[in-house]
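Hi,

Here is the structure I promised to pass on. Have a look at it first, and my notes come right after.

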Amino acid sequence: KPHRFTEVFQALQRLHMTIFSQSVSPCGKFLAAGNNYGQIAIFSLSAALSSEAKEESKKPVVTFQAHDGPVYSMVSTDRHLLSAGDGEVKAWLWAEMLKKGCKELWHRQPPYRTSLEVPEINALLLVPKENSLILAGGDCQLHTMDLETGTFTRVLRGHTDYIHCLALRERSPEVLSGGEDGAVRLWDLRTAKEVQTIEVYKHEECSRPHNGRWIGCLATDSDWMVCGGGPALTLWHLRSSTPTTVFPIRAPQKHVTFYQDLILSAGQGRCVNQWQLSGELKAQVPGSSPGLLSLSLNQQPAAPECKVLTAAGNSCRVDVFTNLGYRAFSLSF
Amino acid sequence: MSSESSKKRKPKVIRSDGAPAEGKRNRSDTEQEGKYYSEEAEVDLRDPGRDYELYKYTCQELQRLMAEIQDLKSRGGKDVAIEIEERRIQSCVHFMTLKKLNRLKGRDQTHEAKQKVDAYHLQLQNLLYEVMHLQKEITNASGVSSKHEEIDLVSLEEFYKEAPPDISKAEVTMGDPHQQTLARLDWELEQRKRLAEKYRECLSNKEKILKEIEVKKEYLSSLQPRLNSIMQASLPVQEYLFMPFDQAHKQYETARHLPPPLYVLFVQATAYGQACDKTLSVAIEGSVDEAKALFKPPEDSQDDESDSDAEEEQTTKRRRPTLGVQLDDKRKEMLKRHPLSVMLDLKCKDDSVLHLTFYYLMNLNIMTVKAKVTTATELITPISAGDLLSPDSVLSCLYPGDHGKKTPNPANQYQFDKVGILTLSDYVLELGHPYLWVQKLGGLHFPKEQPQQTVIADHSLSASHMETTMKLLKTRVQSRLALHKQFASLEHGIVPVTSDCQYLFPAKVVSRLVKWVTVAHEDYMELHFTKDIVDAGLAGDTNLYYMALIERGTAKLQAAVVLNPGYSSIPPVFQLCLNWKGEKTNSNDDNIRAMEGEVNVCYKELCGPWPSHQLLTNQLQRLCVLLDVYLETESHDDSVEGPKEFPQEKMCLRLFRGPSRMKPFKYNHPQGFFSHR
């Protein structure tokens, strides 16, 4: 039972912690988690999953203050962890992060229009074909940054309110973005132009006015796109811009992803939802947080023993699902 | 051959019986006549060298002859036999020669030679034996160390430096180690003699000084009664000048009868008061006579006992106390307090006083304290402030976790078991609280790991805790008094924000506090929106619990408050439940969770000037502001007709931000707009 001031304060901090983002290391053995206090914790998945795992294995190997504001988004390249939150993106070397006192390799800030308040970066997307990073968030624009030189090469304008999420269509290459203005926009990277717009809230099948029109999550798989947020979670056929399946769940979804022949989603509420493409709910597995904000599937080929689904959100914990049927255990800040 | 040998043998036989007589007879024989062959005479005449040559030659011949016979025999043939015969005869002659030589090798000569050799051998043996013996003696002698080697002599350089030249005699001793050692021994003896002298001198000095001390002591003891009479005479003068030395003296007299822990407390508190804090006053209360009576043997009671036993045997009608009453008496006995107690009065800046009375439980070897707070002007206690200054809880958890409900002495448990006491907490109202800091101030330390047989009062333990404890006590009283005043205001629906904290809030705050009440601990635990706090172990039974209700229009915000006794170092913790268009708590509304974070985690900004008495009221005011923001920034539902219930009046840069679409809860001063953290 916490008695001393420091114990009480730490308990309060943990109670009010939100984990916004996760990223798996290139070797597949570690998981980075970013929270609302600007901290990043690195967990050892291999240690936590091993048969000799103790309670300490579920604690971070290292925790450090990465940003001044919340860490809303993270992605990993084959050597770096890129994290973003309050307006700037920072790069960390995976190999160095496990040591104490790790410093960022570099940090960059896209050219913002506003100066009163620094806009947040809600989504990061890697485009491997052109070795670039796309950032999007509070200033309603998509910025591309060349990872080699660090220069900002494009600005894609079109959203009328801030951007929540990004998805990549490998073939074209095209980028999809979803935002607070309720629209999903497709951008062609070669021409740097918006090529398609879907205003989800205008479709009766999926609109839910009492929740709002915001698009909180996006995922794409060749010709298909699934998105959710204020409107219902819906599967779209991109070329024809038609909603083909509306998934019957009331709670707004904050993260969605295609996995094998399923769609996984999570949002308000404790559960990770598994959907058939037909719209049928295959399973609903409860996690330990009252609401979830991010899902991460560890599919790194170098660590098949760490192939797990991890879910995090409105708590200091990251739930680990070794198979999609149940929550095996939770890692904790 | 046999006839020849027998002839020769005869003299030999005679000769073998005793040599000397034979020798004489032999000589006489040769002197008389050379009638017959005398071998003995021949022996003397022969030359041993030539005999040896002859012997060698004869052997060689024999060998040659044998070889020739062998040859002939092997060859075979008729004439061989004659040759062999010839050689046989020659061999026989050689054999005879050998026989003669053998006999002639007069035993006497060899015998003599042998005897000589033996004698020499014997001499040699004797000498060798002597040598061995002498060698043994030498090794023994060298093994034995002389006594002089055991003496630790000064080193050579020192010796030559210090010793006077008539002892060191450098010219002689440098070359001769034996002389050197002798000289060194001499010097050693010199030094020892000198030191023995010195020692005798010192002893006699010491005796002298001891005698002097005795004399002086006598003088001083005779001084005491004279001083006493002077003191008596000066009493009227003391009173006239307001210098009550006597009173302090009397108090010290009384203090002598205090039990050790109370004595330690008394001494340390008085010292602290004189040195650091003039507002602290220390006094002793209680009956000194009773204290003295504790050490008198109970003679009377023994007589009573024997009387009652005798009576018991005679009449069974005599009533005996029931078992229950007996146990009760035993309990009372066990929990008995020492008749003396120590009173500490801490006066604070605003003239309020904390009165502490410290008791000592003799059989349990622990101290307890009773507390009372008095103020300069009478306090009207608001309903919700009941527990703030009550004697039972005002000092609870002065140090984190020190709830004062259990005895700190682990040995007491065995004593309790004997008389059926479950826990000391049943008796604290009457006896006072056995806080850990109280034990420390009395110098008592009860280590958990090794329960000690006897715990004795330690001054240094008390001294090391005195200052911190006194300061904490003062802070505690001030903090509680501040809360007391604030609660009075809160119950009237006014959140009292001091002028130096106004900058934390916008000028216009619409939401109002409509209710402020205490909540029982069990009731707090039952609330559906406080589960997180309970699960985190932050809702123990030493905390104070309250419920605030903030309203605006149709929106009602309940705030359940956990007030830790360590306020304001430990911030109050809020859990919210908003009833407006449905029920929203931290489990279904991220913004409600964020509002809780704004007061629970970001509280440091709300502390105000030290000593942070404004924290609770500032948190409440902030909640009102947060509710305003929440209601005014609620996005308009397109499907619903009509205007928003709460038009936006707050200046916000953006309404929503981040993946969780947070409202702008952060107030920026002095610009006056709201933004996101």
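Below is what I found, starting with chain A and then moving to a sheet in chain B.

One thing to keep in mind: this is a predicted model.

Chain A is mostly a strand story by count, with 28 strands and 3 helices. Its C-alpha trace spans about 55 × 45 × 40 Å along the principal axes. How does the radius of gyration of chain A fit with a compact globule? A compact globule of 333 residues would come out near 20 Å, and chain A has 19 Å, so the two agree.

On the inside, 59% of the 333 residues in chain A are buried. As for contacts between residues at least 6 apart in sequence, 46% of those in chain A link residues at least 24 apart.

On the outside, chain A has an accessible surface of about 13700 Å², and carbon and sulfur atoms account for 48% of that. The charges in chain A are 33 positive and 32 negative side chains, with 4 Å between the centres of the two sets.

Now to chain B. Which strands make up the open sheet there, and in what order? There are 5 of them, running β5-β6-β7-β8-β9 with antiparallel pairing. At the edges sit β5 (512-519) and β9 (583-584) of chain B, each pairing on one side only.

Within that chain, β6 (residues 544-552) and β7 (residues 555-563) run antiparallel and are joined by 9 bridges. If you want a spot to zoom in on, try Ala548(B), which faces Ala559(B) in β7(B).

Cheers

Key. Residues numbered from 1 in each chain as written. Chains lettered and ligands numbered in written order. Predicted model: local features only at pLDDT ≥ 70, side-chain atom pairs only at ≥ 80, totals over all residues. Heavy atoms only, no water. Helix = DSSP H or I, 4+ residues; strand = E, 2+ residues; numbered from the N terminus. Rg over C-alpha atoms; globule rule 2.2 N^0.38 Å. Buried < 20%, exposed > 50% of the residue type's maximum accessible area, 1.4 Å probe, protein only. Contact = heavy atoms within 4.5 Å. Areas by Shrake-Rupley, 256 points an atom, 1.4 Å probe, with all protein chains shown as cover. Lys, Arg positive; Asp, Glu negative; His and termini not counted. Charge placed at Lys NZ, Arg CZ, Asp CG, Glu CD. Pairing = 2+ DSSP bridges.
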